[in-house]
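Biologist: I have a structure open and would like to go through it with you. Shall we take it one question at a time?

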Amino acid sequence: MMDWTDRHCRYFLRRLSRHTRLYTEMVNTGAILRGDAQRHLRFDAAEHPLALQLGGSEAQALARSAAIGAGFGYDEINLNCGCPSDRVQEGRFGACLMGEPQRVAAAVSAMRAVCGIPVTVKCRIGIDDSEDYVFLRSFVETVAAAGCEVFVVHARKAWLSGLSPKENREIPPLRYEQVYRLKQEFPQLQIAINGGIRTLEDCAKHLLHVDGVMLGREAYENPYLLAQVDRQLFGDTHTPPNREEVVLGLRPYVEQELAAGTALGQITRHLLGLFKGQPGGRAFRRHLSEHAHRRNAAWPVIEDALALTASRAAERPTLVLA
Ligand SMILES: Cc1cc2nc3c(=O)[nH]c(=O)nc-3n(C[C@H](O)[C@H](O)[C@H](O)COP(=O)(O)O)c2cc1C
């Protein structure tokens, strides 16, 4: 997610779940081919399994970017066919690519030919007034024929004009049944569902119909949800770290990043939701928000936030039933 799932965010989320596949923000081919590829693509080895999401529409530019991404060690290249922002539409990529399935198929072929790792597609169930389901089916059929075996489907249409990107994540109705139907009609494909999913119980229900679930906003705003994923959905029996252990485990990473010139706030901004709904959680959020962006802010800011959280939690009255 743009501006959210940067490398600091992913490093943090990986401490919560070993098995969840993480996705980068969308990176435009121009940023890779004409910008600072190292800045946009570098990541920590701990982040695996990790998919690089590309934004673009020209097969050759996408292929060159995919090859560079594979060279950086990503596990998957994902093509964005779901973003409806105006800026993305000007470049004729994102969700408007759903109107050009042959172009997407050509891009997938070109990327597969050079990168040696799976090439996958993230899309919507349709755009504007596309016919229900028939349009989605035909898009997936065309792109799958080019070798794409995994589709992540945000179960809403995108309206290419009239709605902001935020509204496009909220207003078009969710139609999960269309994604289930896709899996029924293309059982050989891996279909993952996305959109409005907020609990692991709901993930488990969707997994009765499809192969995977992608969480966006909930995973970012309430990241501790991921701590139960390995146990509940992947059958891994290791004991998940508690919230404080997660934070303390970040210390070597934070100190290494600070030494390399990263500002503390660039890392801690992704931690703000970790204590969501917990006693003292507001104090954690507030302390980081107020102190981590100050000049020369360093690790003690985080330790202070933890101490404050613990003391606020201890102040809460305990209900005793006798
Ligand atoms: C701040 C923000 C940035 C996003 N950026 C991307 C992006 O770069 N690529 C993408 O495929 N989807 C992006 N999305 C959409 C999400 O991946 C997801 O499809 C959408 O939020 C619906 O899922 P959710 O209800 O679980 O959040 C973004 C969403 C948000 C809130």
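Biologist: Which residues of α8 are buried?

Modeller: This is a predicted model, and α8 covers residues 176-185. A residue counts as buried when its relative accessible area is under 20%. In α8 the residues in that class are Gln178, Val179, Tyr180, Leu182 and Lys183.

Biologist: What do the buried residues of α8 pack against?

Modeller: Helix α8 lies across β4 (119-127), β5 (150-158) and β6, and its direction is about 175° to that of β6. Its buried residues pack against these strands and against two helices as well; the full set is β4, α7 (134-145), β5, β6 and α9 (200-206).

Biologist: In what order do the strands of the sheet stand?

Modeller: The sheet is open and has seven strands, paired in parallel. Neighbouring strands are turned by 30° against each other on average, direction ignored. The order is β1-β2-β3-β4-β5-β6-β7.

Biologist: Why is one side of β1 and of β7 left without a neighbour in the sheet?

Modeller: β1 (22-28) and β7 (212-214) stand at the edges of the sheet. One side of each is left without a neighbour because each has a single partner strand.

Biologist: Which residue of β7 stands opposite Asn194?

Modeller: Strand β6 spans residues 190-194, and β6 pairs with β7 in the parallel sense over three bridges. The residue of β7 opposite Asn194 is Met214.

Biologist: Which element gives the most residues to the lining of the second largest pocket?

Modeller: That pocket has a volume of about 500 Å³. Of its 19 lining residues, the closest to the centre are Asp6, Arg7, Glu25, Arg39 and His40. Two or more lining residues come from each of α1, β1 and α3 (37-41). With five residues, the element that gives the most is β1.

Biologist: How many charged residues are in that lining?

Modeller: By class, the lining of the second largest pocket has five nonpolar and six polar residues. The number of charged residues is eight.

Biologist: Is Ala313 buried, partly exposed or exposed, and why?

Modeller: Ala313 lies in helix α16, residues 299-315. Its relative accessibility is 29%. Buried would need under 20% and exposed over 50%, so Ala313 is partly exposed.

Biologist: How far apart in space are Ala313 and Gly280?

Modeller: Leaving aside neighbours within four places in sequence, Ala313 is in contact with Pro279 and Gly280. Ala313 and Gly280 are 33 residues apart in sequence. From C-alpha to C-alpha, their distance in space is 4.7 Å.

Technical notes: Residues numbered from 1 in each chain as written. Predicted model: local features only at pLDDT ≥ 70, side-chain atom pairs only at ≥ 80, totals over all residues. Heavy atoms only, no water. Pairing = 2+ DSSP bridges. Helix = DSSP H or I, 4+ residues; strand = E, 2+ residues; numbered from the N terminus. Axes fitted to C-alpha atoms, helices over the stretch in contact; angles between N-to-C directions. Contact = heavy atoms within 4.5 Å. Buried < 20%, exposed > 50% of the residue type's maximum accessible area, 1.4 Å probe, protein only. 1 Å grid on protein atoms, 1.4 Å probe; cavity = no way out; pocket = protein on both sides within 12 Å on 5 of 7 lines; lining within 4 Å. Points joined across faces, edges and corners; volume = space filled by probe spheres on them. Nonpolar A, V, L, I, M, F, W, Y, C, P; charged D, E, K, R; others polar.
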